[in-house]
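Biologist: I am new to this structure. Please take me closely through one helix and the loop before it, then show me the sheets.

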Amino acid sequence: MTIQTIVVPDLGGAETVEVIELGLSPGDSIEVEDSLLVLESDKATMDIPSPAAGALVKYLVAEGATVKVGDPIAEIEVAGEAAAETPQVEDVEQVAHEPATEVVADAETVIQPEASPVAAAASSSAEQLILVPDIGSDDKVELIEISIAVGDEVAEGDTLVVLESDKATMDVPSTHSGKVLKILVAEGAKLGTGDAVALFEVVADAAAPVVEEAVIEEKPVAKAAPAETATVDTTVDAIQSAPGQPAQPASVAAEPVAATAGASIYAGPAVRLIARELGVSLSEVSGSGPRGRILKDDVSNFVKQVIKNKDAPAAAATGGSGIPAVPAIDFSQFGEIEELSMSKIQRLTAANMQRNWLNVPHVTQFDDADITELEAFRKGLKAEGEKRGVRVTPVAFLIKAIGAALEANPEFNRSLAADGQSLIQKHYCHVGMAVDTPRGLMVPVIRDVNEKGIWDISAEISLLAGKARDGKLKPAEMQGGCFTLSSLGAIGGNGFTPIVNAPEVGILGVSKSQIKPVWDGAEFVPRLLLPMALSYDHRAINGGDAGRFMTHLVKLLSDIRYLAL
């Protein structure tokens with residue numbers, strides 16, 4: 001028996017790689033092509049196979065170590081004949097640089113004639129149709145942005161296009177690396193899982209075919225089989241390293257796998273990238289690959305299950321938190337009916353409203369603001385607004401006043417921490433505004449309202465409200481709100497009790513303004529009054545806080561000169 005040292009083979013371009021798994025123990029028996037250990041580069045994971053049969057003596061590296069081509073990684077004990085025909089560490093470089101024709105001549109008895117053409121094909125390229133991967137839904141969604149151009153070099157995982165559903169946008173990553181030959185879609189198109197996006201020119205992966213072709217003929221072999229196997233492996237390495245041939249690892253299996261960062265999670269970089277883009281924590285995903293490795297399909301199935309579970313609570317929105325559910329009733333017994341499907345946004349809104357109502361102890365305070373002078377000033381801006389192309393509405397003054405009130409009353413610019421034991425004070429001032437759309441209620445957020453003037457706020461209101469009605473709001477444009485405004489405007493009504501949009505602690509509901517008689521100390525005079533309802537989370541806000549906030553808000557709206565102070 002002879003001890004043979006195994007080194008890192010040609011990695012096809014990677015300079016250094018990390019050892020992520022040692023799969024055997026000293027004394028374990030090994031067959032040819034059995035995996036000795038697993039390496040990982042920035043783009044792929046690869047199993048390093050044994051070039052001969054025998055038993056593992058010891059590893060020369062540890063998990064987490066960084067290695068490069070030619071570094072010794074393990075020692076195996078092999079049979080005498082196999083060892084005799086397998087070059088030792090010091091002979092590997094010499095054999096690898098011998099002319100390819102001579103090596104092939106020596107191996108004619110064991111290698112198929114097709115081995116040479118396959119090796120030559122290593123540098124060939126092919127056209128590859130790039131498809132939309134599984135997006136977790138059977139519905140087609142709109143393409144709103146193309147991120148590539150013809151001639152671009154694209155790496156696996158790079159964004160190809162951006163899709164947008166009714167609720168969110170999603171980047172579609174490339175499933176291959178290559179050069180863009182043709183783009184097969186246009187902005188505004190509807191795409192779904194499996195639809196073609198682009199045509200790529202990709203470099204053919206010749207590593208696996210070379211190993212398949214350069215094998216021993218499948219016929220009865222005498223007891224010298226181990227030695228023949230070792231000869232073939234050595235010859236293949238020499239062919240791949242011969243001058244004029246691209247170096248390819250004979251056993252590199254670039255297996256994409258998903259994941260979030262975590263040393264204990266067995267997944268490759270490509271799948272980790274997809275998991276990060278989809279917001280998936282791989283600690284929650286079960287791997288179905290070899291030795292529990294997480295595959296792309298595992299991530300896709302996990303996302304589908306999460307979406308299914310999210311939709312379930314909305315369907316059962318009549319009950320929760322131990323509250324008895326409303327009994328099902330067959331309404332058709334009373335007359336003709338029609339069952340209408342709720343949109344996705346309507347289902348999510350129903351679930352969110354129920355959650356907020358059940359979890360937040362609501363208190364609502366009412367007051368009227370005299371906006372007579374505010375309205376006169378606003379109407380006086382009409383001519384200038386037409387020149388600017390901006391329409392100023394009462395909502396702009398309301399949002400500006402809310403920003404000033406939040407600065408003066410920071411208690412309303414807080415949120416309860418997840419543990420319920422502390423408060424998070426926000427030092428930014430973003431205000432959400434509820435917008436009624438054909439798809440349902442949406443709440444875009446205007447940022448840093450305390451730093452913007454009426455013209456800027458008016459322009460953003462028009463832009464975001466339009467995007468909401470057209471279903472083009474991005475998730476980022478609906479996040480980060482500190483406080484919400486819900487205005488019924490000209491719809492009517494004397495007042496209502498809005499539900500706090502947790503984790504915010506306050507919301508202002510505004511109804512239709514009306515002319516009413518107001519006593520000025522000497523007589524009743526007609527004034528334009530705006531009914532307002534302030535709902536707040538009584539866990540974070542007490543009655544005194546709410547009273548001061550509402551009083552300050554009424555003061556600002558009744559005399560807008562205070563907004564300039």
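Modeller: Here is a walk through that helix, its loop and two sheets. Keep in mind that this is a predicted model.

Start with helix H14. It covers residues 543–558, which makes 16 residues. From its first C-alpha to its last it reaches 22 Å. That is close to the 22 Å expected at 1.5 Å a residue.

Look at the start of H14 next. There, Asn542 offers a side-chain oxygen. This oxygen comes to within 3.1 Å of the backbone nitrogen of Gly544.

Now step back into the loop between S27 and H14, where Ile541 lies. Is Ile541 buried or exposed? Ile541 counts as buried because its relative accessible area is 1%, and the cut-off for buried is under 20%. Set aside its neighbours within four places in sequence. Ile541 is then in contact with Glu411, Phe412, Val505, Tyr536 and Ala546. Val363 sits 178 residues away from Ile541 along the chain. Even so, the C-alpha atoms of Ile541 and Val363 are separated by 9.3 Å.

One of those contacts, Ala546, leads back to the helix. Ala546 is among the buried residues of H14. The others are Asp545, Gly547, Phe549, Met550, Leu553, Val554, Leu556 and Leu557. What do the buried residues of H14 pack against? Two of the partners are helices: H10 (372–380) and H12 (394–408). The strands are S17 (362–370), S24 (483–487), S25 (506–510) and S27 (524–537).

Now move to the sheets. Strands of a sheet pair through backbone hydrogen bonds, either parallel or antiparallel.

One open sheet has 4 strands, in the order S1-S8-S6-S3, with antiparallel pairing. Strand S1 (2–7) and strand S3 (29–30) are at its edges. Each has a single partner strand, so one side of each is left without a neighbour in the sheet. S1 and strand S8 (residues 72–78) run antiparallel, joined by 6 bridges. Gln4 stands opposite Ile76 in S8.

Another open sheet also has 4 strands. Their order is S5-S4-S2-S7, and the pairing is antiparallel. Strand S5 (45–49) and strand S7 (66–68) are the edge strands, each pairing on one side only. From one strand to the next, the twist averages 45°. Strand S4 (residues 35–40) pairs with S5 in the antiparallel sense, over 5 bridges. Leu37 stands opposite Ile48 in S5.

Key
Residues are numbered from 1 along each chain as its sequence is written. This is a predicted model: local features need pLDDT of at least 70, side-chain atom pairs count only at pLDDT 80 or more; totals for chains, interfaces and linings use all residues. Side-chain values use heavy atoms; hydrogens and water are left out. The expected span of a helix is 1.5 Å times one less than its number of residues. Buried means under 20% relative accessible area, exposed over 50%, partly exposed in between (1.4 Å probe, protein chains only). Contact means heavy atoms within 4.5 Å. A polar contact is a pair of N or O atoms within 3.5 Å; within protein, one must be able to donate a hydrogen and the other to accept it, and residues adjacent in sequence count only if both atoms are side-chain atoms. Two strands pair if DSSP finds at least two bridges between them. Axes are lines fitted to C-alpha atoms, for helices over the stretch in contact, and angles run from 0 to 180 degrees between N-to-C directions.
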